[in-house]
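Colleague: Please take a close look at one part of this model, the metal site. I should like a connected account of the donors and their surroundings.

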Amino acid sequence: MIYLKTEDEIELLRKANLLVSLTLTEIAKKLKPGVTTFQLDTLAEQVIRDNGGTPVFKGFPNPYGPPFPASICASVNNIVVHGVPDNRELRDGDILSVDCGACLDGFCGDSCYTFCIGEVKPEVRQLLKTTKEALYKGIEVALPGRRIGDIGYAVQQHCESRGYGVVREFVGHGVGRAMHEDPAVPNYGRQGSGKQIHNGLCIAIEPMIAMGKRDIALLEDKWSVTTRDGLPAAHFEHSIAIHQGKPDILSSFEEIEIIEGKQY
Ligand code: MG
Ligand code: MG
């Protein structure tokens, strides 16, 4: 069941998403070799709670094992999604996807950014650039009257034409009072297929793109998802609202990109 949101609800959803963006920005400021993903998780939880929010990932149920123990997913290099924060230190040349969800005033924000730690190989930077571009390609076609398949088609075309693998087992989703609502928003698809997009639709678009093949495997912790070929993967996510005839991005990478510009 798809819940279309009112303008007031969209503004609440924006606030929750901007809290997630603030959290990712605070993480961006701390990134350097030697930092652990556990430290980043502690920081994330503090930022969310200090601003009146609740970390939605913490305690998230898992059909295959224990609930998720942390406030962020921290996925390093070959980990595609759902990396569990731990005491491993980040190293120069790593990439790190930080996915974060926060609930504020009854609405959930959800956004993800893949960061570079120190000097990252040009071919890996290219993967990050392409994945972020694909996210915006998907957003561009999220217009009233178009269909969910148009979003997936745009993402898939952009990435596969550059030789990358589009992960299919995990998808974007509706977002609102729950972090995961209908409809599912795959990163692949046919133009003109799937549910029609209407004003009031709020969705998270989140390409998960592998440098090599799209095949994945679940690690023993029953959360971390790795590429089977061990090559890196990137993940960028915005929550958006389609209203007033166009897509409106509710989360923001603006501050992160300023920090990245200074840092690199
Ligand atoms: Mg997310
Ligand atoms: Mg999501």
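Modeller: Donors are N, O and S atoms within 2.8 Å of the metal (3.2 Å for Na, K and Ca), and water is not among the atoms, so sites may look incomplete. The model is predicted, so local features need pLDDT of at least 70 and side-chain atom pairs pLDDT 80 or more, while totals for chains, interfaces and linings use all residues. Side-chain values use heavy atoms, without hydrogens and water, residues are numbered from 1 along each chain as its sequence is written, and chains are lettered from A and ligands numbered from 1 in the order in which they are written.

For the magnesium ion (ligand 1), the donor residues follow the spacing D-x10-D-x126-E. Asp99 (OD), entered twice, Asp110 (OD) and Glu237 (OE) coordinate this ion at 2.0 to 2.5 Å. Asp99 belongs to strand β4 (residues 95–104) and Asp110 to strand β5 (residues 107–116), so this pair joins parts eleven residues apart in sequence; strands (E, at least two residues) are DSSP runs, numbered from the N terminus.

Asp110 also bridges to the magnesium ion (ligand 2), 3.1 Å from the magnesium ion (ligand 1). The magnesium ion (ligand 2) is held at 2.1 to 2.2 Å by Asp110 (OD), His173 (NE2), Glu206 (OE) and Glu237 (OE), with the sequence spacing D-x62-H-x32-E-x30-E. His173 lies in strand β7 (residues 172–174) and Glu237 in the loop between β13 (233–235) and β14 (238–243), so they tie together parts 64 residues apart in sequence.

Asp99 and Asp110 are both buried, meaning under 20% relative accessible area (1.4 Å probe, protein chains only). His173 is buried at 5%, and Glu237 is buried at 0%.

How values were computed. Helix = DSSP H or I, 4+ residues; strand = E, 2+ residues; numbered from the N terminus. Buried < 20%, exposed > 50% of the residue type's maximum accessible area, 1.4 Å probe, protein only.
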